[in-house]
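Student: I have just opened this structure and would like some help reading it. Could we start with a single residue and then look at helices?

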Amino acid sequence: MDPRFALAVVEALKTALFTRSGDTPAVIRQVDRGLAALLTADVAAFEQAFDALPIAQASWPVNDAALRRALADVTRHFERKASVVDGAALATALFAAAQLLVPVAQGYSAFLLCEVVYMLGEDDDRDRVEATRLQLSLASPADESEFNLRAWRHAVEACRHSVARSAGWLEAIDAVELALLVPPPEVERQASVMKSLHRVLRTVAHTPLEALVLAYWCQGPLGAFDRETLGQWIRRYLGQIGDLPQGLDPASIAGEDVLLALRELAAIRSQLHIDEARLELTRSSQAAAPPEIAWSDHTLRHVRYLDAVPLRRSLLVDLDRTADTVMELVHELTHAYTLLGPLGWARTACRAAIVYLEMMLHDLSPDGRARPEGEDLLERAPRTSIDVPSTGGALLDMVCDAQLTALWRSKVLQAAWLPWLEGLAVYVELTADPRDDPHGILAPHAALRSLVDLQGERRTGESLEDHSRRLNQALAEEFDSYYSAALGRNARLRHIGYLRSAHLPHVYLLGYLVVRSVVARWEKTLGRRVAPFVAARLLLDATRNGTLDAVPSFDADDLDEFEARARAGMQHFAARLAALPAGVLSEYLVPIASDDAPPRRHRWRDTVPLPMPPDEGTRADDPLLRTRHDAFRAATVDLALRGALFSATLEEQDLDAAIAARGPELLSLFDNLHAQSSLVAVGRCQTRVVVLDAARGRMMLAPRTYAGLGQPLADDDLNRMRYGVRVVNLAGGAGELQRLLDACRRHRSARVLCTRVIDMVGLVGTPMEAPCTSYVHFGLGDWQLLSVDDTMQPIDSRFARFASLVRLRVDPPALLSDEGRTLDDPAFMVGRLRGDLRDSEAACRLNVLDVEGLARAHAADLAAAAFAQMPDAIDAAATELLGAPSEHPAVADYLTGHQGAARVQRALATTLGALAFDAGSLSRVRAFEIATHGGAS
């Protein structure tokens, strides 16, 4: 073995053992004995010396038994005399020891051992690529030269390993992207590392790494290339893809300005080829789950936007690609809109209490590590196991009980309202045709429209205001036409899809029929047809703002009473809404007169809209609505610190003092969570940073705008491209670009997160303060570029607080990440409890709560009230229809207005059709039965 390697191993292990055992004279002697035994491969002597060493460091972070075995294995494979017994085995043993020593001496020992592993390994050795990966993770981003060199070494080894093993393609692409982004600052080193990468890239033909060859020439450090060779490669590539400017003199490519311009174009185009290769590697991992927006925090998940972001006109390119997607987004955005009123406030009160109590659990049930001073507990992931400690068990039991009770209330509320919310979302999605009200717009449509960007040059003499108005008008016309065409093409098939849904089919079907029955009652009251688009406007507003009396408060300690009030409140809301008198309906159920018509202002009182004079402000200024908001906000304190928990937590008997101590923190948490839930993020995409001119802060970002269809699209078909290329001169110039590159080093990534965020309410302190405004966010670590729409113009620093809110929304702290599978999941919350905690009343109640089953029962109850039937009969009829796929086309035809007598009769002949359908009704559904519920006053 090379003596330098042996010295590196000795240095690494000395550092680790002195850190573990101290550096007293006795320890030094014992360490020397052990290392001498290692160098002579005397395992027994090494183990004897190791066992004699004390553990002097408090909280030694390494499993000592595992370290003893690993170092014994290193000793076993070390050199005897002058020859290496087995270099590969020794490298494996050294790497195992390095992994254990990562937390020791800031990774110094592990770093040195990895260097030896690298030198011992073969080109396609797994230990070698693992060692370079670990070294990169340990390298300090502050040491630019050293870090960049480690990034390049890992890129070369990752490519070698992938080619040799036909695996690890994605890691190799990521590694090369990072290396190209952070070349060594020394020009002489640049040529050396590029040559080493070029040697391995010559072997990647016909593999997923093939596109990296293009990036090598177009994106690598310019100083590493011979200009003539570089020009030849760029000309060849651009000529092959048809992007070489016509009439260009080949000799002119040698000119610096022309070469740089062509290289920039080639760098952009080559990145799209790399992204296509990445897409093919990740496509199989994208499960085709149905779209959903989370009840707890409005996190939107859609298979088309797991790795894509809607930008420019990508949503409206053609019906083949996005008709279903647009309709699905309308459905989910309907949920987001309707949950921004009293129902959403109640949910947020529960959520804030659950999150706050989780932070308390981190203090009460420590995980074995001291809490650093000033640590934000939101950065800790939810606990996965909770047991009663030896002391303080009574308090922990109360915290768990309060947390589980808050979650139970939230889930009961969700189950009670799910039939109506899903029914309304299906109604808006499948029936609300914008052509029925050319001057009107629904909030979900406005939110979706904000995701489309139309760009056009100003006409001669046209003012900015007129230009903006013209583009907005063009967008409105294009969107309305597109959505109308999507309905005409897909509504029938999507009706069938809901009948065949594997998720909540009873809830979708019965909830939808109940909403249509409310509209049928309105039509019967007015004696005329009501366009679904017009009806949807009133339904949406009622569900968001008119549920003041329908959502129960949290003052009832009896949970059974709370559940009964939640169910009764929902049914009363639907009945009162159906029973609105003709005078009210005739005022609101009409199309908007013109684009300039003032908004109809009103307040809701007991599910009845009452007109407001124009000068009284918007609906958000309704004093009663504000009072209800403040009541739910204040309820957060009660939910989190209910009853005896006040005094036990604060050692304070005075309730007012307890609220004063903890209340502000809880109220602030409610405000932050409520504001975040007003922001809906649509799509996520990790997009590559390609530096085009570092001195000018010029770079390229090309987020994917669509991830559907199987085959890649032609590069020159700009209307159907998968990517939205952005060449940006950063506002902060070279300094801002350096901040971004520093973030890339810290995160070991050449990609930033791109997300599009819709501000559903027009939060105060934002650039626009207008509902349904969208923002495009690029971010990594502490670097962020946030712009209104897709302008790439960063918002003013005056809105820094809003920018921070957006960052938290798109990249939430660990405690709030994936809440649907943690803090908002009853199975997770009960499953992590140990011992007697699982036997508490709250745990038992939550453990048996079946949200979907309860929602199905509520759907049957609601439909039974609407159609004057027994719940069991309604549920059985729905089950029969859902289980008869052969009847679904006829029912879909009937509900979409098909006039064929045979199809109509077949739908009416189903058991559910006999109970709920009415061919004589304008809505084809029986009018909501109000005789037993009373009319509106």
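Tutor: Gladly! Take Ser-923, which counts as buried because its relative accessibility is 10%, under the 20% cut-off. Keep in mind that this is a predicted model.

Student: Where is Ser-923 found?

Tutor: Look in the segment after helix H34 (911–916).

Student: Which residues is Ser-923 in contact with, leaving aside its neighbours within four places in sequence?

Tutor: They are Arg-516, Val-519, Ala-520 and Glu-523. With Glu-523 there is also a polar contact between the two side chains, at 2.7 Å.

Student: Now the helices. How should I describe a pair?

Tutor: Two packed helices are described by the angle between their axes and the distance between the axes. Try H7 (residues 126–138) and H8 (residues 144–165): their axes come within 9 Å and cross at roughly 150°.

Student: What does that angle make H7 and H8 to each other?

Tutor: Roughly antiparallel, because angles over 145 degrees count that way. H7 passes H8 in a left-handed crossing. By class, their contact has 5 nonpolar, 4 polar and 8 charged residues.

Student: What about H6 and H8?

Tutor: The axes of H6 (residues 108–120) and H8 come within 14 Å and cross at roughly 40°, so H6 is oblique to H8. The contact joins Phe-111, Glu-115, Tyr-118 and Met-119 of H6 to Glu-146, Arg-150, Arg-153 and Glu-157 of H8.

Student: How do the residues of that contact of H6 with H8 divide by class?

Tutor: Into 3 nonpolar, no polar and 5 charged.

Definitions and conventions: Residues are numbered from 1 along each chain as its sequence is written. This is a predicted model: local features need pLDDT of at least 70, side-chain atom pairs count only at pLDDT 80 or more; totals for chains, interfaces and linings use all residues. Side-chain values use heavy atoms; hydrogens and water are left out. Helices (H or I, at least four residues) and strands (E, at least two) are DSSP runs, numbered from the N terminus. Buried means under 20% relative accessible area, exposed over 50%, partly exposed in between (1.4 Å probe, protein chains only). A polar contact is a pair of N or O atoms within 3.5 Å; within protein, one must be able to donate a hydrogen and the other to accept it, and residues adjacent in sequence count only if both atoms are side-chain atoms. Contact means heavy atoms within 4.5 Å. Axes are lines fitted to C-alpha atoms, for helices over the stretch in contact, and angles run from 0 to 180 degrees between N-to-C directions. Angles under 35 degrees count as roughly parallel, over 145 as roughly antiparallel, 65 to 115 as roughly perpendicular and the rest as oblique. A crossing is left-handed if the near helix is turned anticlockwise from the far one by less than a right angle, and right-handed if clockwise. Ala, Val, Leu, Ile, Met, Phe, Trp, Tyr, Cys and Pro count as nonpolar, Asp, Glu, Lys and Arg as charged, and the others, Gly among them, as polar.
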